[in-house]
Amino acid sequence: MPRIFAYIVHKTGVADDSAAELLAAAKKIDATAIPAAILTGCGPELEAACGSLGSGFGEIWKVANTALAYPNAELVRQALVRILSPGSIVLVPHDHFGIDLSPGLSIKLNSAFASDVLAIDGIEGNFLKLVRQEFGGQVSTHVRCDISSGAVINIRPGAFKPVPSVAAAGLVVDKSSEVGGLTARRRYLETIVAEAGDVDITKHNLLVSIGRGIQEKDNVGLAEELAEVLGAAVSCSRPVVDAKWMEKSRQVGSSGKTVKPKVYLACGISGAFQHLAGIKGSPFLIAINKNPKAPIFQVADVGIVDDLLEFLPELTNKAREFRGVAAK
Amino acid sequence: MEILVCARRVPDTSENEIELNVAGNDIEREELVYSVNEADNYAVEEALQIRDRVGGNVTVVTVDGEDGEEILRRELAMGANHAALVSDDAFTGSDGRGIAIILKTFVEKGHYDLILTGVQADDGAAQVGGMLAAMLDYPFASLVNSITVEDGKLKVSREIEGGNREMNEIDLPCVLSIQTGINEPRYVGMRGIRQVASVPIATLAASDLSVDANAVGEAAAKVRRVDYFVPASGKGAEMLHGSREENADRILELVAAKGGLK
């Protein structure tokens, strides 16, 4: 059985929630596995992050280096390649950092790479049995991953439920001296925080949220009218922002805003996980989509299969009656 | 600047509903409409805009069967200078690593300062760009949503959580994977595609590129798709089957009952 490692993302001295998810994923590879955690960084924040890690990891590998103060994937990769032995299985969260790090890491380790994995069905011989999705979650696939020379596995955030562990917290092992000097041809400069938009979609009880199904910019008004009558805000999914039909500040999802409304009206949104990742607090989710097989219907509370461009005006008319607002 | 864009032809999810075939071993490909992968098209547009600012050439390459020519024509019509189809039966069934190996041999035939890919294909894994960079030993940045050229280097921003942007300086040559929304890809009509109908497209096989046939194709793939399936859904949504009017009434009741109007 190859040794399993989890790359732990941490911020301000605290390990990310993904640590527990990677631990759960490791247990799906091998129920008896006691993976090792790897944390890179420097200073008191790194020390604190190592200490913040819960139980379940056999060892906690600490890589302290001032060059790693910010997790630049190129530098982290160099460090990992120097400390990992061939054949290791490395678990990484599939977020903007994992997307940056893992494909190249797999090449440098001469191991397999499996991206955005949402379930693991154990090992059969030299093969790890995995589940992935394609086409924005419209279909799933079983994947066989040859781990005979190791593997880097990117784990979808939220896909693995943390499991309680009885093991004691692991011992911190300082690997810093094995890493040595690090040089990058890509240098981190700064983080530019997203601009606040005209409307704060994180503060509303009701969101009328539109996706690709709105079809064109001129139709955004249909959602705005409805939102106005209901005292809601209009939010959207990524394709609407890509097409420049709405501002980035209106986007719900892992690369946009995280929202916690009471009711979420998903209009023409297919339901890709990156979008769903931005909806927290289990709102009542109503989905309207003309595709009866849209993945959004698997997570919605109530669904309607209809043409958005016909349904929204009807809903707005009814909403005016309901709210006692005169039609314009 | 000499820019290479790696693009791919995929089933167009805005034109098709993706369904399983009867055997369950693939998606139903009869009557599927294919187009250039969305993020790849943004990558081509970005390459054209950089070229128009600083000069140089844009080459678009795809690894595909002969149908790959369709998307190359489209990208030529957008304004790419050159297009190349890399095609060989030996490439069939390659995983991401295999595709990166093939592209590496293509890159080594030319002299490119900048290599762009789309961040991810609709049926892909967001992997080929990062793998290609590691094989070439070039620096890499993923999820890139802006590029400026400064003194023989690039300043790029990456899309990170919460709509924030991570700014980086990156040396050339490098590989960048381009996020959707970075620009507004120009429209290409049938007329534009007809105008480039006679532009030659280079076609290269394994032997033209000195690809090690043992390193690519299905036999070399470390990661293989076994089948497609649609997972048994959880409880799923309660579907409303009333008239449009009835459904609208019911939604308003629910919105009110669940606290949406407070």
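B:Asn41 lies in helix 1 of chain B, which covers residues 38–54. In this predicted model, B:Asn41 is buried, with a relative accessible area of 10%. Leaving aside residues up to four places away in sequence, B:Asn41 touches B:Val36, B:Arg74, B:Glu75, B:Met78 and B:Pro185. The points below cover a second buried residue of chain B, one of its helices, the chain as a whole, and ring contacts in chain A.

**B:Asp12**

- B:Asp12 is found in the loop of chain B that runs between strand 2 (9–11) and strand 3 (34–36).
- The relative accessible area of B:Asp12 is 16%; because buried means under 20%, B:Asp12 counts as buried.
- Not counting residues up to four places away in sequence, B:Asp12 touches B:Val33, B:Tyr34 and B:Ser35.
- From B:Asp12 to B:Thr117 the separation is 105 residues in sequence and 18 Å in space, taken C-alpha to C-alpha.

**Helix 4 of chain B**

- Helix 4 of chain B spans residues 128–136, and 8 of its 9 residues are buried, so this helix is largely enclosed by the rest of the structure.
- The buried residues of helix 4 are B:Gly129, B:Gly130, B:Met131, B:Leu132, B:Ala133, B:Ala134, B:Met135 and B:Leu136.
- B:Asp137, just after helix 4 of chain B, takes a positive phi of about 60°.

**Chain B overall**

- Chain B contains 7 helices and 13 strands.
- The C-alpha trace of chain B spans about 65 × 45 × 40 Å along its principal axes.
- Chain B has 262 residues, of which 53% count as buried.
- Taking the contacts in chain B between residues at least 6 apart in sequence, 70% join residues at least 24 apart.
- The area exposed by chain B is about 11300 Å², with 44% of it supplied by carbon and sulfur atoms.
- Chain B carries 25 positive and 45 negative charges, and the mean positions of the two sets are 4 Å apart.

**Aromatic pairs**

- Over all chains, a search of the whole structure finds 4 aromatic pairs.
- One of them joins A:Tyr7 and A:Phe97: the ring centres are 5.2 Å apart and the planes meet at 25°, so this pair is stacked.
- A:Tyr7 belongs to strand 1 (residues 4–7) of chain A and A:Phe97 to helix 4 (residues 96–108) of chain A, so the pair ties together parts that are 90 residues apart in sequence.
- A:Tyr7 and A:Phe97 are both buried.
- A:Tyr70 and A:Tyr188 also form a stacked aromatic pair, at 3.5 Å centre to centre and with 5° between the planes.
- This second pair links distant parts of the chain, 118 residues apart: A:Tyr70 sits in the loop between strand 5 (59–64) and helix 3 (73–83) of chain A, and A:Tyr188 in strand 13 (residues 186–192) of chain A.
- A:Tyr70 is partly exposed, at a relative accessible area of 22%, and A:Tyr188 is partly exposed at 28%.

**Arginine over aromatic rings**

- A:Arg144 places its charged end over the ring of A:Phe127, 4.0 Å from the ring centre.
- A:Arg156 lies over the face of A:Phe273, at 3.6 Å from the centre of that ring.

Notes: Residues numbered from 1 in each chain as written. Chains lettered and ligands numbered in written order. Predicted model: local features only at pLDDT ≥ 70, side-chain atom pairs only at ≥ 80, totals over all residues. Heavy atoms only, no water. Phe/Tyr/Trp six-rings, centres within 6.5 Å; stacked < 30°, edge-to-face > 60°. Helix = DSSP H or I, 4+ residues; strand = E, 2+ residues; numbered from the N terminus. Buried < 20%, exposed > 50% of the residue type's maximum accessible area, 1.4 Å probe, protein only. Lys NZ or Arg CZ within 6 Å of the ring centre and 35° of its normal. Contact = heavy atoms within 4.5 Å. Areas by Shrake-Rupley, 256 points an atom, 1.4 Å probe, with all protein chains shown as cover. Lys, Arg positive; Asp, Glu negative; His and termini not counted. Charge placed at Lys NZ, Arg CZ, Asp CG, Glu CD.
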